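Colleague: Got a minute to walk me through this model? I'd like to start with the charged contacts.

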Amino acid sequence: MAKKKDQLVEEAEKIKAEIDELKRKTEILEGKPTKKTSKTAKKEEKPAKKTAKKEDKKAAKKEDKKAAKKEEKPAKKAAKKEDKKAAKKEEKPAKKAAKKEEKPAKKAAKKEDKKAAKKEDKKAAKKEEDDKASEKTLEEELEETLSPEEIENFQIEKVDMERLTNKVCEILAEKESEGMFQNELWKKLKLTIRDGSRLALRLERTGFIYREKILENNRWTYKLILKKTPISTLSIENAPCLVCPVEQKCSLDGEISPRSCEFIENWVLADMKTTKSK
């Protein structure tokens, strides 16, 4: 019995040892693939970690850029404002300087324009004067067409030229050195412009008047000024003294005197009647 027990114990120990060995082997077998899988997992984890790190870096960079941009915007705005202010400050003195330079330039330009305008006006005025000076008056045309004899012997039909000359000289004598425009004189004497112009030429040639050429109302005309008073015999025409038979006995205090002469009295009365009738 004791031997059987010992045998049973031995067998039990052997079985236990075998079971332990089997356990150990199963553990070994189970442990190897797990190690392998962990290695592969590690291998797989590495690129995943790398990609995760890259993604994290990218995300971090984006965030940094966004933050930098956010920070840059106000900085840029502030910089732009500062630049604008600085530019304006620089522009102000530049503008002032430019305006200062422009003012004398403008003044000089205005002066030049005024000078040019004055020159043009002067040229135009000279041209007008030259044109007007080149215009011939009726008298100048008559002088060219008529001979000196025709001018001096000019006669108006049914007009006493000596009386007319005396009348012209009387009117001009009243004007003295101021003279009179010929058109006014011709109106007063009721003469045509052509007859009046010929008469003026005749009186100038004979030395009674001189003519002054004047531009009046943009037209050339003449002012007539008395040069000398003509000697007239009209005042003594038909005087009784010229043919008086007792002229030698006539005196102021004598019996025969002009103060009491009937011939003189009749002559004066007759002359007064003729002047009144005219």
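Modeller: Sure. The side chains of Arg 24 and Glu 21 form a salt bridge, 2.1 Å from N to O. By salt bridge I mean a side-chain nitrogen of Lys or Arg within 4 Å of a carboxyl oxygen of Asp or Glu. Bear in mind that this is a predicted model: local features need pLDDT of at least 70 and side-chain atom pairs count only at pLDDT 80 or more, while totals for chains, interfaces and linings use all residues. Residues are numbered from 1 along each chain as its sequence is written, and side-chain values use heavy atoms, with hydrogens and water left out.

Colleague: How far apart are Arg 24 and Glu 21 along the helix?

Modeller: They're three residues apart in helix α1, so about one helical turn separates them. Helices here are DSSP runs of H or I with at least four residues, strands are runs of E with at least two, and both are numbered from the N terminus.

Colleague: And are Arg 24 and Glu 21 buried or exposed?

Modeller: In between. Arg 24 is partly exposed at 41% relative accessible area, and Glu 21 is partly exposed at 31%. The cut-offs are under 20% for buried and over 50% for exposed, with partly exposed in between, using a 1.4 Å probe and protein chains only.

Colleague: How many salt bridges does the whole structure have?

Modeller: Four turn up in the search. One of them pairs Glu 140 with Lys 213, at 3.0 Å from N to O. That pair links distant parts of the chain, with Glu 140 in helix α2 (residues 138-145) and Lys 213 in strand β2, 73 residues apart. Arg 211 also bridges to Glu 204, with the closest N and O atoms 2.8 Å apart. Arg 211 is buried at 14% relative accessible area, whereas Glu 204 is partly exposed at 28%.

Colleague: Switching topic, what's the overall layout of the chain?

Modeller: From the N terminus, the elements go α-α-α-α-β-α-α-β-β-α. That's seven helices and three strands. Of the 278 residues, 17% are buried.

Colleague: Which residues touch the most other members in the largest nonpolar core?

Modeller: Leu 172, Leu 185, Trp 186, Leu 189, Leu 199 and Leu 224, out of 21 residues in that core. Two or more residues each come from α4 (161-175), α5 (182-189), α6 (193-205) and β3 (219-226). Helix α4 gives the largest share, six residues. A core here is a set of buried Ala, Val, Leu, Ile, Met, Phe, Trp, Tyr and Cys residues joined through side-chain atoms within 4.5 Å.

Colleague: Anything odd in the backbone?

Modeller: Two spots to look at. Most residues other than glycine have a negative phi. Lys 158, not a glycine, has a positive phi of about 60° and lies in the loop between α3 (148-152) and α4. Asn 217 isn't a glycine either, yet has a positive phi of about 55°; its loop runs between β2 (209-216) and β3.

Colleague: Are Lys 158 and Asn 217 buried or exposed?

Modeller: Lys 158 counts as exposed at 82% relative accessibility. Asn 217 is exposed too, at 68%.

Colleague: Last one: where does Glu 170 lie, and how far is Leu 226 from Glu 170 in space?

Modeller: Glu 170 is in helix α4. Glu 170 and Leu 226 are 9.1 Å apart, C-alpha to C-alpha, with their positions 56 residues apart in sequence. Glu 170 is partly exposed, at 48% relative accessible area.
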